[in-house]
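Thanks, everyone. I would like to take a few minutes on how the parts of this model fit together, going from the chains to the domains.

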2 protein chains.
Amino acid sequence: MKACGLIVEYNPFHNGHVYHLEEAKKKTDSDVVIGVMSGNFLQRGEPAIIDKWHRAEAALNTGMDVVLELPYVFAVQHADLFAKGAILTLASLNTNTVVFGSEQGDIQPFIQSYQQYKNQEKTFESELQENLNKGFSFPEASRKAYDMIDLNTGALDLTQPNNILGFSYVKAIYDENKDIKPETIRRTKSGYHDQEIKQNIASATSIRKEILKNMDIHPQVQSTIPASTYQSLMDYKHKTGIFHHWEPYFPYLQYKVMTESITRLSTIHGMEEGLEYRLKKTAKYAQSFQHWMKQIKTKRYTWTRLQRMFVHLLTNTSKRDVEAIQTLDELPYTRILGMTEKGRAYLHTQKKNMKLPLLSQLQQGDHLFLDIEEKAADTYYLPLQRATQIDMRKREVGPPIYLSSITKNRGD
Amino acid sequence: MKACGLIVEYNPFHNGHVYHLEEAKKKTDSDVVIGVMSGNFLQRGEPAIIDKWHRAEAALNTGMDVVLELPYVFAVQHADLFAKGAILTLASLNTNTVVFGSEQGDIQPFIQSYQQYKNQEKTFESELQENLNKGFSFPEASRKAYDMIDLNTGALDLTQPNNILGFSYVKAIYDENKDIKPETIRRTKSGYHDQEIKQNIASATSIRKEILKNMDIHPQVQSTIPASTYQSLMDYKHKTGIFHHWEPYFPYLQYKVMTESITRLSTIHGMEEGLEYRLKKTAKYAQSFQHWMKQIKTKRYTWTRLQRMFVHLLTNTSKRDVEAIQTLDELPYTRILGMTEKGRAYLHTQKKNMKLPLLSQLQQGDHLFLDIEEKAADTYYLPLQRATQIDMRKREVGPPIYLSSITKNRGD
């Protein structure tokens, strides 16, 4: 069986994702599609609108065959580390290809750019470091460093967000020396950050904005998502009463900053350049998460970088917790969030070839990354009613979702 | 001017306290009465029903002349350390006497018991340690140790809660070698822990219970408190909308335990004998503060001891933060929460004799204990609406309450 890998967040899974999934399968002539998905907290430093189980279920009901969890320690990171975690995860299940969406739409410029990059890696690294030392944020420092070397940028526009991500995936595949073929599909219609919903394809950002504005799924939104996503969103809202966003976590962040010492705050991953002093000074009188963000924001930090720091602060993830991932060349485990009957068949064929333990229950593994995963889930559910929190925490430990071809519903 | 010192919590200030205050003044023929009062968190490990400013104001309006703050590091402690902090605070303002309420009602048995104790101190200490090692709680271990030595217990019944506290005060005066004369007044009518309100004198416990049950002050309660307390309670409720109790702090405690490591939890003051493991195990699925308390309670820990641990956990107060108080023989400062015109006159007469800085604003001092005070206040106000939290945090930094004989209202 031939497997195609996708790197996703599905926040939430929408028509654009469905299109990408189907095109990827066609383009690579694959039997199954395997997604590696961020968990409850996302790459841009935000709580997902609904939890990973419900996001995975929506995808499994509309074309995805297996959903793997991108460990938290890789998910809430800048593009290069995010990509590394995702590629290592897909490689553990021996996917033949990885297909990503890009503004570029053709894989050759990515590969050429990687070769150019490799030839000038030392120059790049020293430029990057110099820019970081000058106080530029990572994305800025990295873009400036790319500008200093020739990456065939005439062909690959590295100011486009999906080209940047795509380049990171290609880079991760080659850097980690994985036998995966990269492929890309041109993104259609709606841009990455488009705020408005047009036609039946809209960006996840605009869909979330509409949902959070109404705390409900209006027909306008419903037309941009598959039925399975509508079902998952309504199901989540029915169970928990909410969709997640930053504000309900504000009291915990504020409490933590007010009661922790500067020394302890400085151990948090992403707490750089004296940010802990700015936080401490502003915590007591901050009025909301948004208000606090505006108070600590300077040119030096991107909004995304500050949000990621806040996720790590919320989950108490330290620099030491994540330091191992820089040098890691193999994951400690692969955790499965859900599968269809066909997905299970594929997993069965791979069992003998898998080097990593495939976890379906949280207790099957014993690793720092899993402790962090559990802590992140425990924290994610804090805004819910207490009885519901307890139910959701029980769900977190497993088992994965299983959709048989008959039921296509959550099983055991 | 002659000053009489009282050691109080006033949670809230009630008719029994008024009686005690007046009797103490008469008995010692004093010009002014000075109270040292616990702040926002109390000796038995609870948030005070209203904050220290409103409790102090009620007392200043009905007979008290100066209210000093018992630093948090001494207030949320077992009787001996609580007493030590209180005596050091009163001594810093050179009060001539300390008058406490007791079941006994005569000071001689306390003094005799102290002398007996002093003669057998080594036996006592080794008995105490042995009992602690056996796993008895501090109050139990200490009572058992007292039983093993002869304290003239025929005269002083050390099973009575106020006799125990009184003995701690007498012990602190002599141990710290302070020139303060201890005096006692027999407690009348209502017992320490009486749950029901009888006549116009009721215990603070029963008054709190009624207030929290109704979240209002019913006439039955009103008859047991002076008008000034009624005023302060209503004023606090008007400003904040609430009276404080443990439950609203539960989410923060739960969050902290879920996200902190066992190692970090074990650094919290009061976290003894593996309690951190019990907490960690039960946090995720605890339904409320009361539910959690019941889950971790064993014979080994008294309810009070667990509550004190929870206060230190909430405020993130470590063993190291408080270790200095064991050996301290002088306070770093004296902080004044409020005074009347007469109180101010007394303070004026003492200025030259005072060894410690007298703080009226939080920023006037620079000491770990003050940082802890600020942190405790920031935390105490967490259950309030956000705008109100901010107002109250601003109030916390000072200045003290000043009641002139004309206004008898909060001034600057």
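The copies meet through the same surface, because 100% of the interface residues of chain B are also interface residues in chain A. Please keep in mind that this is a predicted model. When chain B is laid on chain A, the RMSD is 0.0 Å, and the operation that does this is a turn of 180° with a shift of 0.0 Å along the axis. The two copies are therefore related as by a two-fold rotation axis, and in chain B the C-alpha nearest that axis belongs to Tyr252(B), at 3.3 Å from it.

Now to the inside of chain A, where the domain assignment gives domain 1, made of 3–103, 188–244 and 330–403, and domain 2, which covers 248–324. Their C-alpha centres lie 26 Å apart, and 21 residues of domain 1 are in contact with 15 residues of domain 2.

What area is buried between domain 1 and domain 2 of chain A? The value is about 1,600 Å², and carbon and sulfur atoms give 61% of it. As for polar terms, the count of salt bridges between these two domains is zero, whereas the rule finds 13 residue pairs in polar contact across their interface, with both residues at pLDDT 80 or more.

On the side of domain 1 that touches domain 2, the elements of chain A giving two or more residues are α3 (72–75) and α19 (368–380), and α19(A) gives the most, with seven residues. By class, that side of domain 1 of chain A has 12 nonpolar, six polar and three charged residues.

Definitions and conventions
Residues numbered from 1 in each chain as written. Chains lettered and ligands numbered in written order. Predicted model: local features only at pLDDT ≥ 70, side-chain atom pairs only at ≥ 80, totals over all residues. Heavy atoms only, no water. Domains from an automatic or database assignment. Contact = heavy atoms within 4.5 Å. Buried area = accessible area lost by both parts, 1.4 Å probe. Salt bridge = Lys/Arg side-chain N within 4 Å of Asp/Glu carboxyl O. Polar contact = N/O pair within 3.5 Å; in protein donor to acceptor, adjacent residues only side chain to side chain. Helix = DSSP H or I, 4+ residues; strand = E, 2+ residues; numbered from the N terminus. Nonpolar A, V, L, I, M, F, W, Y, C, P; charged D, E, K, R; others polar. Least-squares fit on C-alpha atoms with pLDDT ≥ 70 in both.
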